[in-house]
Amino acid sequence: SASFALSEAQLKGDGEIAACKIGTGFNDPENPPCGRVVFSGQMQKITANTKEEKDALAALTSRHPSFSQYEGLGFYVVKMIVSGIFFLNGYGGADYMRLSDYFSYNATSTSVSLMV
């Protein structure tokens, strides 16, 4: 099992969230109004020599060029088979998202996109 967390505290510039900024009232990255989402699931090795592997490696090396030097060293790319998603963006506890809602979402031009 594995988990992967993202926080609104990672947003900077125009996307910065006041609730995540230390030093303004009760705001702090650990405070519940600073939203976060956690994906949990199983990690699965991407099958070698497939379009999926080619696309994954291209995305990885475009963001982190040094990874291109790992070829021939037994390095491989994995993906998460998501089995749970929960998010917290306020007081009162975390909410759980149905996987069908997450995977059926259609992004629009007004959607926020995060690259990690």
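**Salt bridges and one unusual loop residue**

Hi everyone, let's start with N49, which sits in the loop between β2 (36-45) and α1 (51-63). Keep in mind that this is a predicted model. The phi angle of N49 is near 60°, a positive value in a residue that isn't glycine. As for its surroundings, N49 counts as exposed because its relative accessibility is 75%, and the cut-off for exposed is over 50%.

Now on to charged pairs. Side chains of opposite charge can pair when their charged atoms come close. How many salt bridges does the count come to? Three.

Let's take helix α1 to begin with. There, D55 and K51 join their side chains in a salt bridge, at 2.7 Å from N to O. Both residues lie in α1, four residues apart, or about one turn of the helix. K51 is exposed, at 60% relative accessibility, while D55 is partly exposed, at 38%.

Helix α1 also takes part in another bridge: E52 pairs with K79, and their closest N and O atoms are 3.0 Å apart. This pair links distant parts of the chain, since E52 belongs to helix α1 and K79 to strand β3 (residues 78-88), 27 residues apart. Are these two buried, partly exposed or exposed? E52 is partly exposed at 38% relative accessibility, and K79 is partly exposed at 27%.

That leaves R98 and D101, whose side chains meet in a salt bridge at 3.0 Å, N to O. R98 counts as exposed, with 56% relative accessibility, whereas D101 is partly exposed at 37%.

Thanks for listening, and do have a look at these pairs in the structure!

Definitions and conventions
Residues are numbered from 1 along each chain as its sequence is written. This is a predicted model: local features need pLDDT of at least 70, side-chain atom pairs count only at pLDDT 80 or more; totals for chains, interfaces and linings use all residues. Side-chain values use heavy atoms; hydrogens and water are left out. Helices (H or I, at least four residues) and strands (E, at least two) are DSSP runs, numbered from the N terminus. Buried means under 20% relative accessible area, exposed over 50%, partly exposed in between (1.4 Å probe, protein chains only). A salt bridge is a side-chain nitrogen of Lys or Arg within 4 Å of a carboxyl oxygen of Asp or Glu.
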